Amino acid sequence: PGVKHITINDLELAAVERAKDNLHRNGLDSVLLPSNTTRDYGICVNHGDATHELYMSRVPQQTINLTPTQQKQQPMWDVIDLDPYGSAAPFLDGAVQAVESGGLLC
């Protein structure tokens, strides 16, 4: 209840395809989103670098003279669940900066 958007992200294309297949098998095709840019209601399966995705959601250090990349900042996350293959250490800096104040990082 209350969940508006879910992003599933993996660097491995095979894992991304498995996630999409699982959504299909569970009858969730109708809520599958083509991209993560607007964070509309639904589920986005993203093939990409998690660190990059997290850093795209952090608050810019400055508010004037933003670069084109900073202007494309995504909203911060209410909940970030890191479940990497191996250590979560490479993702912690980005995750801490991308989670909303009062949000959940697990």
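**Exercises on a predicted chain**

Residues 24 or more positions apart account for 57% of the contacts in the chain that have a separation of 6 or more, and the model from which this share is computed is a predicted one.

**Exercise 1.** Describe the order of helices and strands along the chain, and state what share of its residues count as buried.

*Solution.* Begin with the inventory, which comprises four helices and five strands. Read from the N terminus, these elements follow one another as β-α-β-β-α-α-β-α-β. Turning to burial, 26% of the 106 residues count as buried, while the chain exposes about 7500 Å², of which carbon and sulfur atoms supply 54%.

**Exercise 2.** Determine whether His-5 is buried or exposed, and list what His-5 touches beyond its sequence neighbours.

*Solution.* First, place the residue: His-5 belongs to strand E1, which spans residues 5–10. Next, compare its relative accessibility of 15% with the cut-off of under 20%, so that His-5 counts as buried. Then, leaving aside residues up to four places away in sequence, His-5 touches Leu-33, Asn-36, Arg-39, Asp-40, Gly-42, Cys-44 and Trp-77. Finally, the side chains of His-5 and Thr-7 make a polar contact at 2.7 Å.

**Exercise 3.** Classify Cys-44 and Cys-106 by accessibility, and say how many disulfides the structure holds.

*Solution.* Cys-44, which is among the residues touched by His-5, has a relative accessible area of 1% and is therefore buried. Cys-106, with a relative accessible area of 44%, is partly exposed, because this value falls between the 20% and 50% limits. As for disulfides, a search of the whole structure finds zero.

Technical notes: Residues are numbered from 1 along each chain as its sequence is written. This is a predicted model: local features need pLDDT of at least 70, side-chain atom pairs count only at pLDDT 80 or more; totals for chains, interfaces and linings use all residues. Side-chain values use heavy atoms; hydrogens and water are left out. Helices (H or I, at least four residues) and strands (E, at least two) are DSSP runs, numbered from the N terminus. Buried means under 20% relative accessible area, exposed over 50%, partly exposed in between (1.4 Å probe, protein chains only). Contact means heavy atoms within 4.5 Å. Accessible areas come from the Shrake-Rupley method with a 1.4 Å probe; for residues, only the protein chains shown count as cover. A polar contact is a pair of N or O atoms within 3.5 Å; within protein, one must be able to donate a hydrogen and the other to accept it, and residues adjacent in sequence count only if both atoms are side-chain atoms. A disulfide is a pair of cysteine sulfur atoms within 2.5 Å.
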